[in-house]
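Trainee: Please give me a close look at a single part of this model, and then place that part in the rest of the chain.

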Amino acid sequence: MKRYVYINDDESSKELYCDNRISNRKYTVLNFLPKNLWEQFSRFMNQYFLLIACLQLWSLITPVNPASTWGPLIFIFAVSASKEAWDDYNRYLSDKKANEKEVWIVKQGIKKHIQAQDIHVGNIVWLRENDEVPCDLVLIGTSDPQGLCYVETAALDGETDLKTRVIPSACMGIDFELLHKIKGVIECPNPDKDIRRFDANIRLFPPFIDNDVCPLTIKNTILQSCYLRNTEWACGVAVYTGNETKLGMSRGIPEPKLTAMDAMIDKLTGAIFVFQIVVVMVLGIAGNVWKDTEARKQWYVLYPVEGPWYELLVIPLRFELLCSIMIPISIKVSLDLVKSLYAKFIDWDYEMIDQETGIPAHAANTAISEDLGQVEYILTDKTGTLTENRMIFRRCCIGGIFYGNESGDALKDVELVNAVAGSSPDVVWFLTVMAICNTVIPIKSKTGAILYKAQSQDEDALVNAAAQLHMVYVNRNANILEIRFNGSVIQYEVMETLEFTSDRKRMSVVVKDCRNGKIILLSKGADEAILPFSYAGQQTRTFIEAIEQYASLGLRTLCLAWRELKEEEYQEWSLMFKEASSTLVDREWRIAEVCQRLEHDFEVLGVTAIEDRLQDGVPETIETLRKAGINFWMLTGDKQNTAIQIALSCNFISPEPKGQLLLIDGKTEDEVCRSLERVLLTMRITSSEPKDVAFVVDGWALEIALNHYRKAFTELAILSRTAICCRVTPSQKAQLVKLLKSCDYRTLAIGDGGNDVRMIQQADIGVGISGREGLQAARAADYSIGKFRFLKRLILVHGRYSYNRTAFLSQFSFYKSLVICFIQIFFSFISGVSGTSLFNSISLMAYNVFYTSVPVLVSVLDKDLSEGTVMQHPQILFYCQAGRLLNPSTFAGWFGRSLFHFFHNIATSSHMGEFSCFLCHQLDFQRGSFIGDVHNYVPVMQATVLLDNYVSYSCSRDGSSSSFEVLQVYIQTK
C-alpha cells in the first residue's frame with residue numbers, strides 16, 4: 001500500500017491521516033475501571049478468589065465473615081489498579097508535554113507557531129538548532145549550502161555519534177524564500193517501524209522542477225525524537241505523524257516472560273487445588289451423612305425435615321469456603337513486591353557500575369530475577385560484547401608485501417612509511433580507499449584539528465590510520481571530497497554510494513577524479529565479497545595467506561579493491577541504478593542486483609588487519625560461570641578464524657592438543673549432512689570437559705542444517721556444551737536461541753548492538769551491554785550492564801539470592817495457609833462435620849497479614865551465604881539450575897512440615913490442658929462452659945501456630961546451611 005503526501009497542502013490529508021497527537025496511554029477516565037477489572041479477572045487465581053468471595057455473601061453457607069476475603073481481595077485489586085493508574089498518569093503527563101510543545105510550520109505560505117499535536121501530514125515544519133523533531137519529516141531545505149544537516153539519533157537507536165542527513169537532489173538550489181511556496185507530492189509506503197529504511201519518491205510541481213521523480217532514502221529523512229545539531233535551521237515535510245511515526249510504530253508492550261519458578265508455582269497451585277477439591281468432596285459427603293444420621297438424633301440440632309433442593313450443596317460449599325485458604329490470596333502480590341525489590345538491588349549495586357563510563361546495571365524487567373539463578377546456556381555476541389569494540393589499525397598487506405609483522409604496528413613500519421613518502425602507486429590507491437570509501441564526516445574543531453564522525457568503528461580506525469600515513473580526509477562539500485596527501489590537495493566528486501548490506505558484505509563508492517575526469521570504483525569488504533570478483537588472472541594467493549595469518553592472530557580483516565570505469569559503462573549502469581532506487585517494491589533487492597553489475601573485475605589492492613581487544617575480566621568470567629555449570633555458545637558475524645582466536649584468548653575453548661574443534665562445513669546439502677553426522681558421532685562418544693570439545697559452523701552450513709537436518713542439529717545442540725557459530729545473521733541468532741529453548745534449557749542472550757536485539761528478545765533472559773554500538777540492545781534487554789564481566793555477579797549473586805528467596809517465600813506462603821487449614825479441617829470432625837470455623841474472621845486476617853509477615857519480610861534480605869563465598873564457589877549454582885529448592889519433592893516436604901506442625905500444635909495445646917478440656921466437652925454441647933473453653937483455647941492455638949511458623953523458617957535456614965556443607969564436601973572430593 002502507498003501513501004501520497006501533498007506538500008504544503010494538509011487539507012487533502014486531514015481526513016485520511018491522523019494528526020500529530022501522541023498517545024501512549026493504556027486507559028481513559030471512562031474505561032479505566034472496567035478495563036482494569038477485566039485484565040485482573042482474566043487470571044485464573046483472581047477468578048477463583050472472586051468466586052470464593054461471592055459465595056461468602058451467602059449467609060447460609062459462609063463459615064466466616066465475608067470481610068475476611070473481600071478485604072484482602074479489594075486491597076490486592078486496589079494496589080494493582082493504583083499502580084496501573086499511576087503508570088498511566090505518568091504516561092499521560094509525558095504525552096501532554098510532547099503534544100503541547102510549540103513548533104513552527106508553514107501554512108498557505110505563512111509561518112505559524114502551533115502546538116506539536118496540531119501538525120498534519122503535508123505540513124512544512126521548521127526546526128532550529130537543538131530542536132527536537134516532532135514527527136517524521138522528509139528534508140527539503142537546510143541552512144547548509146550543500147543541503148546537509150546533522151542529527152542526533154540516540155533516542156531511536158542509542159547511537160551517540162551524529163548522523164548526516166541530506167535534502168533530495170530535486171530540492172537542491174531552491175531559494176530560502178521559495179521553500180514557503182514549494183508544491184509537490186511524496187509517494188511513500190504506509191507507516192512501519194523500520195528506522196533504517198525509507199523507500200519513497202518525491203516529485204515537485206512546476207515551476208520548481210518539471211515533474212521529475214527523485215528517489216528518497218532514510219538519509220533524506222529526520223525522524224521523530226531526533227535532535228537537530230550543528231545546523232542553524234532545517235525544514236521538512238511531515239509524512240508520518242502521531243502514533244504512525246516510525247518511533248510510534250516501534251512502541252509496544254513486549255510479551256511477558258514466564259520464569260521456570262512461576263511455571264512451577266502454577267503447577268503446585270493446581271495440585272493444591274485438586275487436593276482441596278478432594279478434601280471438600282470427602283468432608284461434604286461426611287457432613288451430609290452425619291446430618292442425616294447423628295444430627296437428627298440431637299435435640300439441639302434443628303435441621304428442617306424437608307429442606308430446599310440445594311440442601312445437599314450447603315455443607316460442601318461451606319467446606320469449599322473453609323478450605324479456600326489453602327491457596328494464599330496474597331501470594332501473587334507478595335511475589336510481585338519482592339521481585340521488584342530484587343530488581344532494585346541490581347540497580348543499587350555499586351560493584352556493578354562501570355568505573356570507566358559510569359554506567360550502572362539496570363533491571364528493566366522486574367519479574368524474572370530468579371531465572372538468572374537457573375541459566376544453563378549463555379549465547380553471546382563477540383564484537384563489543386567480549387571485545388571492547390575499540391578498533392586499532394595494526395597490520396596490512398599491500399600488493400603482496402606485509403607491513404607491521406615485525407613491530408606489530410604497521411603505522412610505525414619504516415618500509416611502509418618510505419613507500420608512502422615515495423608515492424608508491426599501490427600504496428597510494430590503498431590509502432585512498434581507506435580514506436574515502438566510507439560514510440565518515442570530517443569536522444574541524446575550534447583548534448583547527450580534524451575530527452571524524454563515523455557510524456562504524458572499523459571506518460573510524462581506517463580513516464585515522466590513513467591520516468597518520470599522510471592521506472588526510474580534509475573536507476566534504478556536498479559531493480566533493482578533499483584529500484590532502486604529502487602536501488597536495490586532491491579532489492574527488494562522489495557520483496554514487498553503494499552502501500554496505502549484510503547480504504553483499506561490501507561497500508563501494510563511484511568517484512570522479514577532478515584532476516583528470518576519470519571515473520573510479522573503490523570498494524572494501526569481507527574477503528568472500530571481494531576476492532572472488534577480482535579480474536581474471538590476478539594472483540590472490542598472497543592475500544588469502546594474509547587473511548589467514550591475521551585471522552589466526554584474532555584480527556579483523558577487510559579487503560580493499562578498485563577499478564576504473566568507462567564513461568559509457570557508468571552512464572548505462574547509472575540509469576539502471578536510478579531506476580532501481582526509485583522503485584517502492586523490493587528496492588533493496590533491486591539495488592543489490594544492479595550493484596552486482598558494477599562490482600566485478602576488481603584489482604585487489606590489499607588487506608587491512610584491525611585489532612579489537614578483549615574486555616577486562618572476560619576470560620575469568622567465562623571460566624567462573626563454566627564452573628557454575630553454564631554452557632557457552634558464541635554467535636558472531638565475523639569470519640571463522642577470527643572467532644576461533646578470540647574464543648581461545650578468552651578461555652572459551654581449550655587450545656590444542658587438549659582442545660578439539662569439530663567443523664561443520666559445506667556448500668551443499670550432502671556435504672553439510674556428512675559433516676554433521678561426523679560431528680554427531682564424535683559428540684556421542686566424547687567424555688571431554690565442556691570447553692575441550694566444541695563444534696564450529698558458519699552461516700551457510702547453519703542455514704542448511706536448520707532447514708533440512710533440524711532433528712540432527714537439535715541432537716547436536718543437546719550434546720554440545722560449547723559452540724562457535726560464524727558468519728551468522730541476526731535471524732539465525734534468534735533461531736539458535738529458540739532451538740535451545742525448545743530443548744527445555746534456560747537461555748541467556750547477551751549482546752551490544754542492534755543486530756543482537758532479536759536474539760536478546762527471544763531468550764528467556766536478555767542482557768544488553770551499553771557499548772559503543774549504542775543502546776539498542778540495552779533498551780531491548782531485560783537487564784543492561786556496562787561490561788561483560790558484570791555478568792558473573794549478576795548471575796551468581798543476584799540470580800542465586802533471588803532464586804533462594806523466591807523459593808522460600810512461595811513455599812512458606814502455602815505452608816502457613818495449609819497449617820491453619822488443617823486445624824480448621826480437624827475442628828470440623830469434632831463439630832459435627834458442619835464446616836464451622838474455629839477462628840473468627842479478624843484472627844484469620846491478622847494471621848495472614850500481621851502474625852506471619854516477619855518471615856516474609858526477613859526473607860527479602862536473607863543471605864544464606866556471603867557474596868564472597870558464592871563468588872569463590874560457583875558450583876553452588878548447581879542447586880538452582882536443577883531446581884532443587886522448588887519442585888514437587890521440596891513442596892511435599894513443606895506439605896509434610898505443615899502436617900507435622902499441625903499435629904504438634906494439637907499435641908501442644910492438649911498438653912497445656914486447653915485442648916483436653918475441649919475434648920471432654922465436645923459430646924456435651926449443652927454445657928455452657930463449652931463456649932468459654934473454646935474461646936480460651938483459640939488464642940493458645942494461634943500462639944502455637946505462630947511459634948511453629950517461626951520454627952519452620954529457622955529450619956529452612958538451617959537446611960540451606962547444611963546443603964552448603966554437603967556441597968563443600970563435594971567440591972573437596974573433586
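Mentor: Take the open sheet of four strands, whose order is β1-β8-β9-β10 and whose pairing is antiparallel. Its edges are β1 (2-7) and β10 (213-216); each has a single partner strand, so one side of each has no neighbour in the sheet. Ignoring direction, neighbouring strands of this sheet are turned by 20 degrees against each other on average.

Before going further, note that this is a predicted model, in which local features need pLDDT of at least 70 and side-chain atom pairs count only at pLDDT 80 or more, while totals for chains, interfaces and linings use all residues. Residues are numbered from 1 along each chain as its sequence is written, and side-chain values use heavy atoms, with hydrogens and water left out.

Some terms are needed too. Helices (H or I, at least four residues) and strands (E, at least two) are DSSP runs numbered from the N terminus, and two strands pair if DSSP finds at least two bridges between them. Axes are lines fitted to C-alpha atoms, for helices over the stretch in contact, and angles between N-to-C directions run from 0 to 180 degrees.

Now to the edge strand β1. Six bridges pair β1 with strand β8 (residues 184-189) in the antiparallel sense. Two of the positions fix the register: Val5 has Ile186 as its bridge partner in β8, and Ile7 stands opposite Gly184 of β8. The side chains of β1 alternate, with Arg3, Val5 and Ile7 pointing to one face and buried, whereas Lys2, Tyr4 and Tyr6 point to the other face and are not buried. Buried here is under 20% relative accessible area, exposed is over 50%, and partly exposed lies in between (1.4 Å probe, protein chains only). So Val5 and Ile7, which supply the two bridge positions just named, both belong to the buried face.

A second open sheet can be set beside this one. This sheet has nine strands in the order β17-β16-β26-β25-β24-β23-β22-β21-β20, again with antiparallel pairing. Its edge strands, β17 (401-403) and β20 (471-477), each pair on one side only. From one strand to the next the twist averages 30 degrees. At one edge, β20 and strand β21 (residues 480-485) run antiparallel and are joined by six bridges. Within that pair, Asn475 stands opposite Glu482 in β21.

Helices pack on the nine-stranded sheet. Helix α9 (residues 414-421) lies across β16 (387-398), β17 and β21, and runs at about 115 degrees to β17. Helix α11 (residues 457-468) touches β16, β20, β23 (506-513), β24 (519-525), β25 (556-565) and β26 (603-614), and its direction makes about 45 degrees with that of β16. Contact means heavy atoms within 4.5 Å.

Elsewhere in the chain, helix α6 packs against other helices. The axes of α6 (residues 260-292) and helix α24 (residues 790-829) come within 12 Å and cross at roughly 5 degrees. That makes α6 roughly parallel to α24; the classes are under 35 degrees for roughly parallel, over 145 for roughly antiparallel, 65 to 115 for roughly perpendicular, and oblique for the rest. With helix α7 (residues 311-323), α6 packs at about 135 degrees, the axes being 8 Å apart. The two helices α6 and α7 are therefore oblique to each other. Among the α6 residues in this contact are Gln276, Val280, Gly287 and Asn288, and α7 contributes residues including Leu312, Phe319 and Cys323.

Asn288, in α6, can be taken singly. At 9% relative accessibility, Asn288 counts as buried. Its contacts, leaving aside neighbours within four places in sequence, are Glu311, Leu312, Ile315 and Pro316.

Another buried residue is Cys725, with a relative accessible area of 0%, in strand β30 (residues 722-726). Not counting residues up to four places away in sequence, Cys725 touches Met634, Leu635, Thr636, Val697 and Leu736. Cys725 and Leu736 are eleven residues apart in sequence and, C-alpha to C-alpha, 9.6 Å apart in space.

As for the whole, the protein chain has 31 helices and 33 strands. Of its 974 residues, 52% count as buried. Among contacts between residues at least 6 apart in sequence, 73% join residues at least 24 apart.
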